[in-house]
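Trainee: Could we go through a few of the labels attached to this model and test each one against its criterion?
Mentor: Gladly; let us begin with one acidic residue and then turn to a strand.

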Amino acid sequence: MNRVFVICCLLLTLGVSTSCLDSTLADSEIKLITAEEMQSILELEDVQLIDVRTPKEYEGGFIANAQNIDFMSPTFDDDITKLDKDKPVILYCKSGGRSAKCAKKMIDAGFKKIYDLKGGISQWKFAEETQIQ
């Protein structure tokens, strides 16, 4: 009987600890967005637009007003600390892989609201082309 009581107490304690952890994680979020949603966010919110591709990729074309912070650079962790953690961030790369990894690093670094462009700049270019036609 005592074992059952101890196990129940442990489970309750773990449940409380987990719910406390969940509320901490809820303070930060990563939202995957489409090119259309990104356009709306850029128009409505004061955001930091970050291109996480290499400088060479960035020189080949980038989204207007984007800042280049290379995810593969050895200074990446230091570079993101120069950004405002309380201001929303939109991340993009070529197709979405690096920006997803970057978003997780930024959550760990204390950023509150992170948008990740689904499909990367490739999707942004496609959306612009379809709007022009």
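Mentor: This is a predicted model, and in it Asp70 is in contact with Val52, Arg53, Thr54, Pro55 and Phe76, leaving aside its neighbours within four places in sequence. Asp70 itself lies in the loop between strand S3 (67-68) and helix H4 (76-80).

Trainee: Why is Asp70 said to have no salt bridge?

Mentor: The nearest side chain of opposite charge, Arg98, is 5.3 Å away, whereas a salt bridge requires a side-chain nitrogen within 4 Å of a carboxyl oxygen, so Asp70, although buried, has none.

Trainee: What makes the approach of the Asp70 side chain to the backbone nitrogen of Met72 a polar contact?

Mentor: The Asp70 side chain reaches that nitrogen of Met72 at 2.9 Å, and because the limit for a polar contact is 3.5 Å, the pair qualifies.

Trainee: How do you know that strands S2 and S4 pair?

Mentor: At least two bridges are needed for pairing, and S2 (residues 48-51) and S4 are joined in the parallel sense over 4, with Val89 of S4 as the bridge partner of Gln48. S4 also runs parallel to S5 (residues 113-117), with 3 bridges between them, and here Asp116 in S5 is the partner of Leu91.

Trainee: Why are both faces of S4 called covered?

Mentor: In a regular strand the side chains alternate between the two faces of the sheet. In S4 (residues 89-92), Val89 and Leu91 on one side and Ile90 and Tyr92 on the other are all buried, which means that each has under 20% relative accessible area.

Terms used. Residues numbered from 1 in each chain as written. Predicted model: local features only at pLDDT ≥ 70, side-chain atom pairs only at ≥ 80, totals over all residues. Heavy atoms only, no water. Buried < 20%, exposed > 50% of the residue type's maximum accessible area, 1.4 Å probe, protein only. Helix = DSSP H or I, 4+ residues; strand = E, 2+ residues; numbered from the N terminus. Lys, Arg positive; Asp, Glu negative; His and termini not counted. Polar contact = N/O pair within 3.5 Å; in protein donor to acceptor, adjacent residues only side chain to side chain. Contact = heavy atoms within 4.5 Å.
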